[in-house]
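Here is a set of questions and answers for someone meeting this structure for the first time. Each answer works through its reasoning and closes on what was asked.

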Amino acid sequence: MSWLLFALGLGVLAWVLVGGSWLKRRAPAWHWYLTGYPAAALRVLTTWKRVAILTDLAVSPRPRRGLLGDLVVKGEALRPVPPRLSFPRATRMGLTVVVRLHPGQTPAVYLAAADALAHAWRVHAVRVTSPERGLVLLTATATDPLQHPGLVTARPRQLAALVGALESGGAWVMDLRLVPHWLIAGATRSGKSTLLARLVTELAPQPVALVGVDCKGGMELGLFARRMSALATCRREAVAVLGALVVEMQERMTDCREAGVRSIWDLPDKLRPVPIVVIVDELAELYLSDGRRENKAEAEQCSTYLLRLAQLGAALGVHLVVAGQRVGSDLGPGVTALRAQLGGRICHRVNDPGTAEMALGDLNKDAVTVAQSITAEEAGVAVCTGPNGGWSRARSHLTPTDDVTAVTARYAALTPELPAVADALTAVQGGES
Ligand SMILES: Nc1ncnc2c1ncn2[C@@H]1O[C@H](COP(=O)(O)OP(=O)(O)OP(=O)(O)O)[C@@H](O)[C@H]1O
C-alpha cells in the first residue's frame, strides 16, 4: 500500500514538474480545462460577493432613504445583496458566467467594473455583453489569446477572406458581401501591410478582380502585381484608375437597370460582371497636396472618385479596402465623408488618439480605448468591427512575403481583365514617359 502511495506521489510530482508545462505548450486548452479552470471557477465563486460590494454591483433590498418620525434619513443600508451568478462555464481559453441584474440595474455598471473583476479573478480580461434584457454575460479570458493565436478555419465563401483569429478564438473574416467597404488604420510597423497581404492571399484563388492603388511607388502592393488587374503607383495613375472604375460602375448600373435588378448579384450568372476589390495602401498619399493647383485638383479628384465608388459600389460589385497610417479630417473634408461609407473598421496600434477615434469613435467608445492600448510589441493585433455591430480584438495571420508572392504567381492566370481600367492606366503611363 505504502509503495502504491509512493508511486502515486511520484506520478503527481512528475506531472506538476513536467507534464503540466508539456501540456501547456502542446495543448493549452486542455491544460486550462484540467488545471486553470477549476481554480478560476472557485475564485469567481468565492470572491463574487466581496467584489460585487466593492464595485457597487451589490445593492441593498432596502431603500437608501427612510422616514424617522418627520425626518427623511439618507444613508447606505447594511448588507447589500450581490446579483445572482450562474455557475462558471469553461470555455477554450477562459470561462463565462451569467449574471441576473437587480431591478433597475443596467450593463453599464458591469462595464465599469470589468477591470476590477479581471483583477480579482486573476485573468487577462473580462468582457461584458448583454445577450438578453436583464442579464449580462461576463466572459473571462485566462491569458491573452492573441499572443499565440492558433490557426482557425472558416467556411470559404466568395469575397470572404479569413484574415486571422479573434480574441474569442473564432475566425476573423473580412466578408465583403456582408460589409462591402473597409477602413484599416495603423501606425507604421503595426501590421497593415501584413493584413493586406493576407487579404490578397485569400482573394487570389477566387473569381475576383484586384485593383491596387499604392502611391508609395507600388512598393507594398507591387509584390502582388501578378494577380492584379491594374496597379496605380502614383497619384496621377490613381486618378486615371479610379476614374475608369467609376465609368465601369456606371456601365454596370445601366446593365442592372436594363435587366430590371437592383444589384449585380441578382443578374443571371452569365451576365454578372466580375466583382472588383480596390485596395488602397496609404490613403494620405491620395489626399495630401503641397498647395500647387494641379496637385490640389488631383487630390480632390481622388477624393470624389473614392467617395463615389464607396457610395454606389456595394450593389455593383465594387469594393474598397482603404489603409492609412493616419486618418483624420485634416487630410481634407472628403475623408470624413468617405469614412462614413466604410462600414468595416480595423484599427491597429496608432500614434495619435485622433486616428483611433476616426476609425472606431463613431461606432464604439470602448473600442477606441482598447485600440489605444495596443503596444508596439503586438504587431498584427487590431480592434475590428463585426458584421452585427460588435467589435473584438483580433490578430492577423502572419503571412510572409514569399508566401504571398507564391500564391499570386500560382493564381496569376485567374486575373480578370478590366480593359477600360488598363487602357486608362496605359494612357497615363504613356503620357508620363
Ligand atoms: N499578425 C502578425 N503577427 C506577428 N507579427 C506581425 C503580424 N503582422 C505584422 N507583424 C510584424 O510586424 C512587422 C511590421 O508589419 P507591417 O509591415 O505589416 O506593418 P505596416 O503597418 O504595414 O508598416 P508600414 O506602414 O511601415 O508599411 C512585420 O515585419 C512583422 O514581423
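## Questions on a predicted model

Q: Which residues of helix α10 are buried?
A: The model is a predicted one, and in it helix α10 covers residues 365-372. A residue counts as buried if 20 or more other C-beta atoms lie within 10 Å of its own. In α10 the buried residues are Ala367, Val368 and Ala371.

Q: Why do these residues lie on the same side of α10?
A: An α-helix has 3.6 residues a turn, so residues three or four places apart point the same way. For the buried residues of α10, the arc covered around the axis is what puts them on the same side, and that arc is only 105 degrees.

Q: Which elements do the buried residues of α10 pack against?
A: The partners of these buried residues include the helix α9 (353-361), and they also include strands such as β15 (344-347). The full list is β15, α9, β16 (381-385) and β17.

Q: Which strand holds Gly344, and is Gly344 buried or exposed?
A: Gly344 is found in strand β15, which is one of the elements that the buried residues of α10 pack against. Because 21 other C-beta atoms lie within 10 Å of Gly344, and 20 or more are needed, the residue in strand β15 is buried.

Q: What distance separates the C-alpha atoms of Gly344 and Ile184?
A: Leaving aside neighbours within four places in sequence, Gly344 is in contact with Met174, Val179, His181, Trp182 and Thr385. Gly344 and Ile184 are 160 residues apart along the chain, yet the separation of their C-alpha atoms is 8.4 Å.

Q: Which element gives the largest share of the shell around the ligand?
A: The ligand is surrounded by 14 residues, and the closest are Gly191, Ser193, Thr194, Ala379 and Gly380. At least two residues of the shell come from each of α4 (192-203) and β17 (391-396). The largest share, three residues, is supplied by α4.

Q: How many residues of the shell around the ligand are polar?
A: The shell around the ligand can be divided by residue type, with two residues nonpolar and three charged. Gly is counted among the polar residues in this division. The number of polar residues in the shell is nine.

Q: Where does Ser190 lie, and is Ser190 buried or exposed?
A: Ser190 is one of the residues covered by the UniProt annotation "binding site", which comes from an unreviewed entry and also includes Gly186 and Lys192. Ser190 lies in the loop between β10 (182-185) and α4, and beyond neighbours within four places in sequence it is in contact with His348, Arg349 and Ala379. Because Ser190 has 24 C-beta neighbours inside 10 Å, this loop residue counts as buried.

Q: Which residues does Lys192 touch, not counting those up to four places away in sequence?
A: Lys192 has its place in helix α4. With 25 C-beta neighbours inside 10 Å, Lys192 counts as buried. The residues that Lys192 touches are Ile184, Gly186, Ala323 and His348.

Q: What is the value of phi for Glu282?
A: Glu282 lies in the loop between β13 (276-281) and α6 (284-287). With 22 C-beta neighbours inside 10 Å, Glu282 counts as buried. Although Glu282 is not a glycine, its phi is positive, at about 70 degrees.

Q: What is the value of phi for Leu159?
A: Leu159 has its place in the loop between β7 (135-141) and β8 (160-166). With 19 other C-beta atoms within 10 Å, Leu159 is partly exposed. Leu159 is a residue other than glycine with a positive phi, and the value is near 65 degrees.

Q: What distance separates the C-alpha atoms of Pro38 and Ala90?
A: Pro38 lies in helix α2, residues 28-54, and with 12 C-beta neighbours inside 10 Å it counts as exposed. Pro38 and Ala90 are 52 residues apart along the chain, and the separation of their C-alpha atoms is 8.8 Å.

Q: How far apart do the C-alpha centres of domain 1 and domain 2 lie?
A: The protein has 12 helices and 17 strands, and its C-alpha trace spans about 85 × 80 × 45 Å along the principal axes. The domain assignment gives domain 1 (17-141) and domain 2 (160-432). Their C-alpha centres are separated by 41 Å.

Key. Residues numbered from 1 in each chain as written. Predicted model: local features only at pLDDT ≥ 70, side-chain atom pairs only at ≥ 80, totals over all residues. Near = placed C-beta within 6 Å. Helix = DSSP H or I, 4+ residues; strand = E, 2+ residues; numbered from the N terminus. Arc of directions from axis to C-beta. Contact = placed C-beta atoms within 7 Å. UniProt positions renumbered as here; feature names shortened; annotations may be inferred. Domains from an automatic or database assignment.
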